[in-house]
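Student: I would like to go through this model and test each label against its cut-off. Can we start with the surface?

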Amino acid sequence: MNEQPQGDGSAETDRLREQVEHTREDLGRTVEALAAKADVKEQVVEKTAELKGQAAEKAAQLTGKLREKAGQAADLVKEKTPDQVLEKADQAATQIRDTAVHAGHLAAEKTPEQLRQKAASAVAAARANRTPLLVGGGVLVVTLLLLRGRKQK
């Protein structure tokens, strides 16, 4: 075995210690950088969840206000509309409903199955949003009847 002189071994040990210390420092900086990235990602996730919650809350508020305004508009139209016009609108709605049912039966008899399935999904969506559709349709019918009545005068 080769023996190295004491001075040479001590220099080698010192050099190795410096390398170890340098590696520890590099590793510490790397760990800190990774921890900072993880913290940033966590903050982004938290902020996203917060903003999503705020958006849902704002949408719920606006939906409530819209429903309230639509109800007020429907009530106002109903108050201002003469009874005779309301009766005609009701008769027209009944006639339209009956005609739609009849047309639906005819269409169901002659429609391919795939198209029936698509129509069923559209009907389900309309039923889920029935109130806004009915209010909008009612307002439209009453408005059209009022305009028609004004033109006839």
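Tutor: Yes. This is a predicted model. The protein exposes about 13,600 Å². Carbon and sulfur atoms supply 58% of that area.

Student: What share of the 153 residues counts as buried?

Tutor: The share is 3%. Buried means under 20% relative accessible area.

Student: How many helices and strands are there?

Tutor: There are 4 helices and 0 strands. Along the sequence the pattern reads α-α-α-α.

Student: What makes the protein more spread out than a compact globule?

Tutor: Set the radius of gyration against the globule rule. The rule gives 15 Å for 153 residues, and the protein has 38 Å, well over that value, so the protein is more spread out than a compact globule. The C-alpha trace spans about 120 × 45 × 20 Å along its principal axes.

Student: Which C-alpha separations can you quote for residues far along the chain?

Tutor: Take Ala128 and Leu27. They are 101 residues apart in sequence and 58 Å apart in space, C-alpha to C-alpha. For Gly136 and Val44, the values are 92 residues and 41 Å. Lys110 and Gly71 are 39 residues apart along the chain, with 39 Å between their C-alpha atoms.

Student: Why is Ala128 called exposed?

Tutor: Ala128 sits in helix H3, residues 113-128. Its relative accessibility is 64%. The label exposed needs over 50%, so Ala128 counts as exposed.

Student: Is Lys110 buried or exposed?

Tutor: Lys110, in helix H2, has a relative accessible area of 71%. The cut-off is over 50%, so Lys110 is exposed.

Student: Why does Gly136 get the label partly exposed?

Tutor: Gly136 lies in helix H4. Its relative accessible area is 38%. Partly exposed is the range between under 20% and over 50%, so Gly136 is partly exposed.

Student: Now Thr81. Where does Thr81 lie?

Tutor: Thr81 is in the loop between helix H1 (6-80) and helix H2 (83-110).

Student: How do you know whether Thr81 is buried or exposed?

Tutor: Its relative accessible area is 5%. Buried means under 20%, so Thr81 is buried.

Student: Which residues does Thr81 touch, not counting residues up to four places away in sequence?

Tutor: Thr81 touches Leu86, Val142 and Leu146.

Student: What does the side chain of Thr81 reach at 2.4 Å?

Tutor: The side chain reaches the backbone oxygen of Val77. A polar contact needs N or O atoms within 3.5 Å. The Thr81 value of 2.4 Å meets that distance limit.

Student: How many salt bridges does the structure hold?

Tutor: The structure holds 2 salt bridges. Side chains of opposite charge can pair when their charged atoms come close.

Student: Why is the meeting of Glu12 and Arg15 called a salt bridge?

Tutor: Their N to O distance is 2.7 Å. The cut-off is within 4 Å, so the pair of Glu12 and Arg15 qualifies as a salt bridge. Both residues lie in helix H1, 3 residues apart, about one turn of the helix.

Student: Are Glu12 and Arg15 buried or exposed?

Tutor: Neither label fits. Glu12 has a relative accessible area of 35%, and Arg15 has 39%. Partly exposed lies between the cut-offs of 20% and 50%, so Glu12 is partly exposed, and so is Arg15.

Student: What makes Arg29 and Asp26 a salt bridge?

Tutor: Their closest N and O atoms are 2.2 Å apart. Again the limit is within 4 Å, so Arg29 and Asp26 form a salt bridge. Because they are 3 residues apart in helix H1, about one helical turn separates them. Arg29 is partly exposed at 46%. Asp26 is partly exposed at 30%.

Student: Last, which residues form a nonpolar patch on the surface?

Tutor: Leu140, Leu144 and Leu147 form the patch. Together they have about 290 Å² of accessible area.

Student: How do you know that Leu144 has enough accessibility for a patch?

Tutor: Leu144 is in helix H4, residues 130-152. Its relative accessibility is 49%, so Leu144 counts as partly exposed. A patch residue needs over 30%. Leu144 therefore passes that cut-off.

Notes: Residues numbered from 1 in each chain as written. Predicted model: local features only at pLDDT ≥ 70, side-chain atom pairs only at ≥ 80, totals over all residues. Heavy atoms only, no water. Patch = residues over 30% accessible without salt bridge, like charges linked within 9 Å, V, L, I, M, F, W, Y side chains within 5 Å. Areas by Shrake-Rupley, 256 points an atom, 1.4 Å probe, with all protein chains shown as cover. Salt bridge = Lys/Arg side-chain N within 4 Å of Asp/Glu carboxyl O. Helix = DSSP H or I, 4+ residues; strand = E, 2+ residues; numbered from the N terminus. Buried < 20%, exposed > 50% of the residue type's maximum accessible area, 1.4 Å probe, protein only. Polar contact = N/O pair within 3.5 Å; in protein donor to acceptor, adjacent residues only side chain to side chain. Contact = heavy atoms within 4.5 Å. Rg over C-alpha atoms; globule rule 2.2 N^0.38 Å.
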